[in-house]
Amino acid sequence: MRTRKIEPNTYMLTDALVHVNRFLLIGGERALLLDTGYGEESMTRRLRRLTGLPLVVANTHLHPDHSDGNKLFDEVFVGEADLPCRGMPSNEMARSVAAHFKTNTKVPRRIVDKVLNYGLIDTGTEKYSPMPDVFELGGRTIETLPCPGHTPGSTLFLDSAARCVFAGDAINPGFWAFTSPGLTLSGYAELWLDLAARLDGYERIWISHHRHPLPIEWIGAFAAALKAAVPERSKPLDIVGGLPETVHIFKYDDEKFGVIRIFAYPSQMR
Ligand SMILES: [Zn+2]
């Protein structure tokens, strides 16, 4: 696991296998851990080396690469629509893809099961609580904002003092919309354009699957990519089966920020 100091009193912890980031925000009295990754035992040791303060744990959203380590903690805050008691749709999706591979392909079953194991959220005895509006860490306040899209309960975390946002997978140069089939891309673009106004004065967005933050102006390019997506100009991603529709990739080339890829069902491209 790689640890990097990215902002004042803020660390990014990245695992060696899938390179998913978790963030540790340290205040005067408490520290906030955003996401728990796959929950390697080494993570808790690493956290203890970085801070001796009581830990508060929250998920940017409930997907296994962000939340499988929740079981190492007593309580986890999750956006209300992603609470496990709401049914964990990402588990249903993973099981359905696995069933497709077992029935319709020659991929050995034990390989499918092994991969499926990584695709399932496996909760333990931890308690899940709905996301509060703010986390007071002692001299450091982190605000939360709902950002339903990648999952219905996806949440943004705002650090106004550092002028940065922690967004999980809610905004991404390779954005997955198909994980939330009810989402329309134009609706999501509008949500982000509203958020851009709310995020006036912020400079950076830290995301889960990249080493570097996105500049805040990137939101405009992302919204343009979402609005430009149409089924006719997207390509089917045939390797994933067992889902309600074939996932398509739409590639958008932004003059300033380069290629943005949107992974969505054709029915979402409106
Ligand atoms: Zn995700």
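Along the sequence, the residues that donate to the zinc ion follow the spacing H-x1-H-x86-H-x18-D. In this predicted model, those donors turn out to be His61 through NE2, His63 through ND1, His150 through NE2 and Asp169 through OD, sitting 2.2 to 2.4 Å from the metal. The angles subtended by the four donor atoms run from 88 to 174 degrees, so the arrangement comes out as irregular. Histidine 63 belongs to the loop between strand E5 (55-58) and helix H2 (64-67), while aspartate 169 belongs to the loop between strand E11 (164-166) and strand E12 (174-176); the pair therefore ties together parts 106 residues apart in sequence. Both histidine 63 and aspartate 169 are buried.

Then there is the helix pair. Helix H3 (residues 89-104) packs against helix H4 (residues 109-119) at an angle of about 170 degrees, and their axes are 10 Å apart. Because of that angle, H3 is roughly antiparallel to H4. On the H3 side, the contact is made by Ser90, Asn91, Ala94, Arg95, Ala98, Phe101 and Lys102, and H4 brings in Arg109, Val112, Asp113, Leu116 and Gly119. Sorted by class, the contact between H3 and H4 has five nonpolar, three polar and four charged residues.

Glycine 79 is found in the loop between strand E6 (75-78) and H3. Its relative accessibility is just 5%, so glycine 79 counts as buried, the cut-off being under 20%. Leaving aside residues up to four places away in sequence, glycine 79 touches Met131, Gly153 and Thr155. As for alanine 58, which is 21 residues from glycine 79 along the chain, the two C-alpha atoms are separated by 8.8 Å.

Terms used: Residues are numbered from 1 along each chain as its sequence is written. This is a predicted model: local features need pLDDT of at least 70, side-chain atom pairs count only at pLDDT 80 or more; totals for chains, interfaces and linings use all residues. Side-chain values use heavy atoms; hydrogens and water are left out. Donors are N, O and S atoms within 2.8 Å of the metal (3.2 Å for Na, K and Ca); water is not among the atoms, so sites may look incomplete. Four donors count as tetrahedral if all angles lie between 85 and 135 degrees; four count as square planar and six as octahedral if opposite donors are over 155 degrees apart and all others between 65 and 115; anything else is irregular. Helices (H or I, at least four residues) and strands (E, at least two) are DSSP runs, numbered from the N terminus. Buried means under 20% relative accessible area, exposed over 50%, partly exposed in between (1.4 Å probe, protein chains only). Axes are lines fitted to C-alpha atoms, for helices over the stretch in contact, and angles run from 0 to 180 degrees between N-to-C directions. Angles under 35 degrees count as roughly parallel, over 145 as roughly antiparallel, 65 to 115 as roughly perpendicular and the rest as oblique. Contact means heavy atoms within 4.5 Å. Ala, Val, Leu, Ile, Met, Phe, Trp, Tyr, Cys and Pro count as nonpolar, Asp, Glu, Lys and Arg as charged, and the others, Gly among them, as polar.
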